[in-house]
Amino acid sequence: LTPDRTQRASRLLRAGVAARRAGRMERADMLLQEAAETGLDTRERAYAQERRAFIMHEQGKMAEALELMLGGAEEVEGEDPRAAATLLTNAATVLQHQLDIPRAAALAERAWRLAGEEAIDDAELCHIVSFQRVLSGRVPEAMKLAWRTAELVESDFEGRVVVADAAATLLYAGETAAARHLLERAVVANRGAGALGDLGYTLHIHAQVAWYDGRLQRGYDHALEAVQIVEELGTPQTLDDCLSRLAMFEAVLGRESDSQGHGQRALESALQLGDRKNEVRARSALGMLALVTAEPEAAVAHLAPAVAALDAGGVGNPNQFRIHPDLVEAYARLGRTDEAKPVVASLERQARATGLSWSLGAAMRCRALVVDADAAAEAAFQEALRFHESAGAFELARTELCFGEQLRRRGHRRHSRM
């Protein structure tokens, strides 16, 4: 109804962004497309296109999303590099789901350069660059921008998805308490605003924080609610991620049938969409379920291709997927330590490079499972326990359990019960 073309386009843009936050994805896409075709300036049009592409990504249309982002950036880069940076920011996110981490990181860094001096005040850009650095294993290099992102979103009282993104970066960089702080506020903000389009993903990341804390029942509650919300949005990419996390909680909480159903559903969908990241997440959950149900062969069948995909894709931070130790444990249970040793070596290299307590402890636990000498195994387990004292109750208990099982296998039954 707005007669002025420019004002109408700006209002359509704001309405499209609001519709996506409300979880009305098809409506949001229509409004954003109309805004981009009406009368926006170059930067606003780039933002409308980027939001449209992000919705496509959430819907599992990764090729279309990437084409819109990259094509749009190429079109405007000569005229307005800052607009091109806006379009390239989440192109890295799409490539991340394809497990092309070197290219994703390169795009994020290119977006940063194009944004120039404005980049340091852009929460989305600070996030995407720091996240790609954390994902690729360059954790110390990432932290300045990770903390800058947290600083920028601290005053975000709307609970936009970038707040959850900032929390995820901190979580995978070992800063669990800071991640939890951001997420608690964001959940409240999204509930208050009725922003279902962001609430589901925010709860999903909150569930991951609870997993890292070892608060399994609380994490399960968050993960279940996330699935219930996202299932209504028509965003299969996001749903697969949420289903995989829920299946992981269900596996360790004794909900074996639910875990199998949710994990398998996520895996089949991820394979259909060509989403390698969510494929790994689903295989991780199904592999954990197989370990819990004493089926190490099935665990290896899921976990080995997942670990291979991460290594081939350039993922260098084991704290992000936490899957290497599961594969080592499955191999150890089968007596296939020769196959486990290269996985342990890779985990140790990455743990040293990132310097994170969980990763260092997991590497020590895995080394203990494959060494031959009793003294070396015990020393490695003691190191693992030292690192995992602050890694959450679940992780500490898991290390203690592996230690006890190892002692029993080596004939030290009395010590295994202490």
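In which helix is G16 found? I began with this residue and noted that the model is a predicted one.

**Entry on G16.** I located G16 in helix α1, which covers residues 5-21. I then looked up its accessibility: the relative accessible area of G16 is 0%. G16 is therefore buried, because the term applies under 20%. Leaving aside neighbours within four places in sequence, I found G16 in contact with A28, L31 and L32. I also looked up a separation along the chain: G16 and A332 are 316 residues apart, and their C-alpha atoms are separated by 52 Å.

**Entry on S269.** I next turned to S269, which lies in helix α15, residues 256-273. Is S269 buried or exposed? I recorded a relative accessible area of 17% for S269, so this residue is buried. With neighbours within four places in sequence left aside, the contacts of S269 are P236 and D240.

**Entry on Q350.** My last residue was Q350, placed in helix α20, which runs over residues 337-354. I noted that Q350 has a relative accessible area of 12% and is therefore buried. Which residues does Q350 touch, not counting those up to four places away in sequence? I listed D311, V315, G316, N317, P318 and H324.

**Closing note.** I keep three places for reference: G16 in helix α1, S269 in helix α15 and Q350 in helix α20. I entered G16 as buried at 0%, S269 as buried at 17% and Q350 as buried at 12%.

Definitions and conventions:
Residues numbered from 1 in each chain as written. Predicted model: local features only at pLDDT ≥ 70, side-chain atom pairs only at ≥ 80, totals over all residues. Heavy atoms only, no water. Helix = DSSP H or I, 4+ residues; strand = E, 2+ residues; numbered from the N terminus. Buried < 20%, exposed > 50% of the residue type's maximum accessible area, 1.4 Å probe, protein only. Contact = heavy atoms within 4.5 Å.
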